[in-house]
Amino acid sequence: MERIRYEINGVVQGVGFRPFIYRLAVEQHLNGWVLNSSQGVIIEVEGSVKDLRLFDRRLYSETPPNAHMTRIFSEKLEPAGYRAFEIRQSNEEGIKTTLILPDLATCDLCQDEVFDPENRRYRYPFTNCTHCGPRYTIIENLPYDRQYTTMKAFPMCDECREEYLNPYDRRFHAQPNACPQCGPHLEFWASNGEVIVTHDDALILAGLAVRGGKIVAVKGLGGFHLIANARNEEAVQTLRERKNRPHKPFAVMFPDINMLREYCEVSGIEHELLTCSVAPIVLLRRKQALAPSVAPDNPNIGAFLPYTPLHQLLMTELNIPVIATSGNKTDEPICIDENEAVERLAGIADVFLVHNRPIVRPIDDSVVRVINGAPVILRRARGYAPLPIEMEDELPTMLAVGGQQKNTIALSHGKRLFLSQHVGNLETVAALEAFERTARDLENIYEITPQVIIADKHPDYEARKFADRQTDAPVVHVQHHYAHVLSGMAEHLLDGPVLGVAWDGTGYGDDGTIWGGEFLRVDDDGYQRVAHLRTFSLPGGEAAIKEPRRIAFALLYEIFGDHEWGNFTSEERKVLHQMLDKNLNSPRTSSAGRLFDAVSALLGLCEESTFEAQAAMALEFAAEIIPHARAYPFTVADGVIDWEPMVKELLDDILRKRDVPYMASRVHATFSHMIRTVADEVGEQHVLLTGGCFQNRYLTETTIREMHRAGYTMYWHQAVPPNDGGLSIGQLIAGARLMQKDKQE
Ligand code: ZN
Ligand code: ZN
Ligand code: FE
């Protein structure tokens with residue numbers, strides 16, 4: 001007889017881990033107990049040496065599918081004389097190091113039950129089990145027990161309790177377990193919040209409303225969606241007008257993978273993404289047209305599948321593709337509360353399909369795009385958050401507050417970097433409130449007090465202002481593009497030296513100008529700006545970002561002085577000339593993103609934009625038609641890449657009326673070749689692509705191809721977004737490096 005005690009860390013709560021241990025112990029004739037503690041799962045098993053050995057082997061080989069053990073500590077003890085094996089009450093002492101699981105898409109077994117007329121959960125929209133269902137969106141506190149979730153308001157009925165207590169049941173300790181008798185229910189509300197019908201009738205009326213061209217606000221897992229018939233142009237147009245969103249593409253939810261395949265090209269890896277337990281929005285190539293306003297001038301669709309029984313029931317009812325866009329106003333967080341939604345979405349939604357299971361925190365749908373055969377997370381939210389990025393070494397405990405756009409927050413603890421869900425652009429009061437809540441929430445749930453707070457260098461970033469207001473920990477400021485490079489290095493566990501190509505729209509540079517076309521050589525000592533794009537002016541600052549033709553105007557002014565290009569009134573022309581002449585409100589930038597914008601305008605693809613990256617996307621879509629093209633000329637001297645020869649030859653091509661796709665692909669080839677040329681000069685083997693520009697699949701793939709041919713080892717983002725959503729991770733690494741240095745000195 002022997003006794004062994006295990007302490008297991010990782011994703012081991014809410015995934016059927018304890019029942020798995022229970023079954024294993026009973027099958028191996030072992031006595032003892034298992035319990036959830038805030039550090040993870042603790043097990044004591046007692047029995048014969050042979051049975052214990054088998055238990056240990058099966059612990060590794062039969063781990064439940066969603067569980068993920070990151071650290072296992074075991075020790076041999078004197079036998080204690082246990083009489084049976086039992087699952088003990090959760091132990092709430094100790095530091096919280098256990099992982100919180102993200103929300104998981106409905107599993108096949110639950111889906112079968114929901115569509116089985118004989119099952120007691122037939123058509124029940126809140127069906128779940130230990131393998132699927134809400135987690136992060138309902139957790140108020142650790143450990144993960146029903147009393148610390150928003151399901152505490154729903155006492156289980158006898159049948160549900162029996163399932164919950166039976167270690168052989170799929171719902172054993174499924175914290176959100178519920179059924180039509182005891183769980184949450186649906187309600188269908190008029191625009192003023194008046195209840196029209198409830199339960200299954202609510203679902204049916206909501207379906208009819210969508211079919212009838214109405215815009216329906218649906219409370220889902222991490223917040224509200226606005227849903228409209230994606231084949232009904234009038235309905236989609238109405239949604240665009242009401243949301244004041246003229247062009248930015250809408251995501252489309254399809255009833256099932258078969259219909260999705262009729263509309264989109266789906267590769268093997270994309271199929272896997274769409275149908276995995278994350279069920280993100282995947283950017284796919286469109287095959288068949290939907291209503292034109294779904295994604296104007298865009299060859300792609302952001303497509304996804306229903307991921308809760310509620311969505312599955314509604315979509316089966318509808319059997320058409322629908323727009324499913326975040327239920328919010330521009331730059332505000334998504335609504336999570338039905339009473340608040342009635343106010344905030346007034347004038348946008350016609351009717352509301354809501355339920356009474358509270359959502360603790362807003363979680364958007366995640367967005368993924370496959371680039372060079374690998375999934376790249378562009379928006380990290382539902383299904384991914386709050387899983388950490390695991391590092392090799394321990395880091396000090398720190399809080400990083402991210403950037404101004406696509407904000408995320410990150411927290412380091414031990415070897416883990418916890419990256420928050422996408423918070424969004426910090427441009428509205430509501431977004432700022434959500435940002436502060438997320439920062440507090442991360443600290444509270446893990447009960448961590450950061451030793452240092454890290455923010456961007458930009459003095460006007462709201463996240464930085466927040467950091468500077470904190471008094472309980474010192475604040476350090478980190479250069480934007482350095483953080484971008486470090487974020488990529490973190491996810492690939494790179495130490496450096498690395499040549500980081502950090503290309504994006506805007507980031508505050510060390511010299512006070514706007515950077516964005518940067519080559520940073522990063523090693524243990526920090527970073528060196530080894531090259532950058534030649535700078536140019538942004539006449540009107542923010543206004544130039546919304547009006548790429550102003551940037552094109554400035555580029556030509558930079559080259560030729562006075563010129564006649566562009567559709568401007570003589571008054572506009574005069575103002576632009578004055579601004580550029582006298583350097584009024586015309587910040588200088590080396591931004592690659594803005595150079596893309598300018599070229600897009602020169603080609604007549606996008607002169608004015610209504611959403612971020614619209615001009616650059618238009619250039620990418622134009623280029624995709626032609627896979628290979630010759631680069632335009634450019635020069636590199638003293639680390640400054642001069643785009644002037646490129647712009648001049650491009651103008652020649654425009655005058656000769658060459659095809660736009662031809663010119664667009666030549667521009668992309670030029671950018672790839674700039675990277676190659678600088679890399680050759682710097683002579684670093686490892687090259688990392690980071691920053692928002694590398695959301696551009698064509699640019700990223702062309703560059704990787706050219707660099708591979710030249711023998712470089714290439715890294716690009718996957719788990720951490722390449723855009724500013726990844727900044728907070730890089731900021732943590734920068735913070736750790738600074739503290740390390742302080743210690744050494
Ligand atoms: Zn399930
Ligand atoms: Zn029940
Ligand atoms: Fe950036």
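The zinc ion (ligand 2) is held by four sulfur donors, the SG atoms of C157, C160, C179 and C182, at 2.2 to 2.3 Å. Donors here are N, O and S atoms within 2.8 Å of the metal (3.2 Å for Na, K and Ca), and water is not among the atoms, so sites may look incomplete. This is a predicted model, in which local features need pLDDT of at least 70, side-chain atom pairs count only at pLDDT 80 or more, and totals for chains, interfaces and linings use all residues. Residues are numbered from 1 along each chain as its sequence is written, chains are lettered from A and ligands numbered from 1 in the order in which they are written, and side-chain values use heavy atoms, with hydrogens and water left out.

The arrangement around the zinc ion (ligand 2) is tetrahedral because its four donor atoms subtend angles of 104 to 119°. Four donors count as tetrahedral if all angles lie between 85 and 135 degrees; four count as square planar and six as octahedral if opposite donors are over 155 degrees apart and all others between 65 and 115; anything else is irregular. Along the chain, the donors of this zinc ion (ligand 2) follow the spacing C-x2-C-x18-C-x2-C.

The zinc ion (ligand 1) has as protein donors the SG atoms of C107, C110, C129 and C132, which lie 2.2 to 2.4 Å from it. Its site is tetrahedral, with angles of 102 to 117° among the four donor atoms, and the donor spacing is C-x2-C-x18-C-x2-C. Both C107 and C110 are buried (under 20% relative accessible area, with exposed over 50% and partly exposed in between, for a 1.4 Å probe and protein chains only).

The iron ion (ligand 3) takes its protein donors from H480 (NE2), H484 (NE2), D504 (OD) and D724 (OD), at 2.1 to 2.2 Å. Here the four donor atoms subtend angles of 84 to 169°, which makes the arrangement irregular. The spacing of these iron (ligand 3) donors along the chain is H-x3-H-x19-D-x219-D.

Aromatic rings come next. The whole structure holds 18 aromatic pairs, where rings of Phe, Tyr and Trp (its six-membered ring) pair if their centres lie within 6.5 Å, and planes under 30 degrees apart count as stacked, over 60 as edge-to-face and the rest as tilted. F254 and Y263 form a tilted pair, 5.5 Å centre to centre with 40° between the planes, and both residues are buried. One aromatic cluster is formed by W503, F519, F596, F671 and F694.

Charges also sit over rings (NZ of Lys or CZ of Arg within 6 Å of the ring centre and within 35 degrees of the ring normal). R382 lies over the face of Y307, 3.4 Å from the ring centre, and R529 lies over the face of W515 at 3.8 Å.
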